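Colleague: I would like a close look at a single part of this model. Please take one strand, work outward from there, and keep it brisk.

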Amino acid sequence: MSGSSYDKTIQFRAGAEKEAAELLDEIHIGGVNVSELARTGLIEMLRRSLDEQDEIAVYERYSRGEIDEDVARVLLGEKIDQMEVEKDAFESAMERDTSTFLADSDGE
Amino acid sequence: MASDPRHPLLADTSSLIAVANTDQWDVLAESVALTTTNVCKHELQNHVNANTYAPEGSREQYLKRGSQRVLDHLDEDSSSWSCVTVVPRPHGPDAGEESLKQELSEHGDSYQVVSLLDGAARRSIRRLVDDHGYDIDVVDGKLHR
């Protein structure tokens, strides 16, 4: 795990959205944690924005060690484990004696 | 047909169609030996017979063209591709996947690699492989490129 701490901020322009957040914070019992909502919402929307090609690109960067696991997990979630399994299965298949998959070697 | 050999590579309908649509189709068809099931073959036949308009570049055309290529190759006498009959024959939308499971349950020792395009189907078949203690890799058919 990397040391990505929560000391970084994202700023974005908001008008009615900011007022709506402040309004809900005011009227909702106990208030709302806008930062937490924004983090959760951002993760969800980032994942929704990811297409299959993006997923592969993120996974490849992760497996080359170019990005940290927690960053990859924000984008891929549990898929990161599934992709690991797929990669292992494929590599394991490649390590087999591939001549057995060829038409000519079909002796027995 | 009933005595078709079992090759170490078992492939489902979608992965066969994917292979048939690659640039290396001719080479792969001639050089690779693989096995599929009668149920998958039937699914291929359904794609070919589908009475849908299949314009150039559409998914329908992809399925139709791929399925036709695979069927033609399976039916060639000299083909190194084989088709095994699964009994009782599964039905429904997952019939192809089910037929692979049935085949693996009975003849898992004949196979080394199973190729499927659907991720959920791969996970399900991996469980079956683990439960039986088979030495089989379940891979994504698209990665054959």
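Modeller: A charge count first, to set the scene. Chain A carries 12 positive and 28 negative charges, and their mean positions are 7 Å apart. Chain B has 14 positive and 24 negative side chains, with the centres of the two sets 6 Å apart. Keep in mind that this is a predicted model.

Now the part itself: strand E4 of chain B, residues 113-116. Its side chains point two ways. B:Val113 and B:Ser115 go to one side, B:Val114 and B:Leu116 to the other, and all are buried. The pattern fits a general rule. In a regular strand the side chains alternate between the two faces of the sheet.

E4(B) has two strand partners to describe. One is strand E1 of chain B, residues 9-11, which pairs with E4(B) in the parallel sense over 3 bridges. Within that pairing, B:Leu9 stands opposite B:Val113. The other is strand E5 of chain B, residues 137-140, again parallel to E4(B), over 4 bridges. There, B:Val114 stands opposite B:Val138.

A further pairing in chain B involves strand E2, residues 34-37. E2(B) is covered on both faces. B:Leu34 and B:Thr36 are buried on one side, B:Thr35 and B:Thr37 on the other. E2(B) pairs with strand E3 of chain B, residues 81-84, in the parallel sense over 4 bridges. The bridge partner of B:Thr35 in E3(B) is B:Ser82.

Next, a charged residue. B:Glu103 lies in helix H5 of chain B, residues 95-107. Is B:Glu103 buried or exposed? B:Glu103 is buried, with a relative accessible area of 2%. For that label, the cut-off is under 20%. Neighbours within four places in sequence aside, B:Glu103 is in contact with B:Arg6, B:Leu10, B:Thr37, B:Val84, B:Val86, B:Gly108 and B:Tyr111. Several of these tie back to the strands. B:Leu10 falls within the residue range of E1(B). B:Thr37 is one of the buried residues of E2(B). B:Val84 falls within the range of E3(B).

Helix H1 of chain B covers residues 13-20. In this helix 7 of the 8 residues are buried, so H1(B) is largely enclosed by the rest of the structure. The buried set is B:Thr13, B:Ser15, B:Leu16, B:Ile17, B:Ala18, B:Val19 and B:Ala20.

Step back to chain B as a whole. Its secondary structure comes to 6 helices and 5 strands. Along the sequence the pattern is β-α-α-β-α-α-β-α-β-α-β. The radius of gyration is 14 Å for 145 residues, which agrees with the value near 15 Å of a compact globule. The C-alpha trace spans about 45 × 30 × 30 Å along its principal axes. Buried residues make up 52% of chain B. Take the contacts in chain B with a separation of 6 or more: residues 24 or more positions apart account for 73% of them. The accessible surface of chain B is about 7200 Å², and 46% of that belongs to carbon and sulfur atoms.

Set chain A beside it. Chain A has 5 helices and 0 strands. From the N terminus the elements run α-α-α-α-α. Why is chain A described as more spread out than a compact globule? Its radius of gyration is 22 Å, well over the 13 Å that the globule rule gives for 108 residues, so chain A counts as more spread out. The C-alpha trace of chain A spans about 75 × 25 × 25 Å along its principal axes. Buried residues make up 18% of its 108 residues. For contacts in chain A with a separation of 6 or more, residues 24 or more positions apart account for 47%. Chain A exposes about 8500 Å², with 52% supplied by carbon and sulfur atoms.

One acidic residue in chain A can be set beside B:Glu103. A:Asp81 lies in helix H5 of chain A, residues 79-94. A:Asp81 is partly exposed, with a relative accessible area of 36%. Its C-alpha atom is separated by 28 Å from that of A:Thr9, 72 residues apart along the chain.

Back to the strand you asked for. E4(B) pairs in the parallel sense with E1(B) and with E5(B), and its residues B:Val113, B:Val114, B:Ser115 and B:Leu116 are all buried.

How values were computed
Residues are numbered from 1 along each chain as its sequence is written. Chains are lettered from A and ligands numbered from 1 in the order in which they are written. This is a predicted model: local features need pLDDT of at least 70, side-chain atom pairs count only at pLDDT 80 or more; totals for chains, interfaces and linings use all residues. Side-chain values use heavy atoms; hydrogens and water are left out. The radius of gyration is taken over C-alpha atoms; the globule rule is 2.2 Å times the number of residues to the power 0.38. Buried means under 20% relative accessible area, exposed over 50%, partly exposed in between (1.4 Å probe, protein chains only). Contact means heavy atoms within 4.5 Å. Accessible areas come from the Shrake-Rupley method with a 1.4 Å probe; for residues, only the protein chains shown count as cover. Lys and Arg count as positive and Asp and Glu as negative; His and the chain ends are not counted. The place of a charge is taken as NZ of Lys, CZ of Arg, CG of Asp or CD of Glu. Two strands pair if DSSP finds at least two bridges between them.
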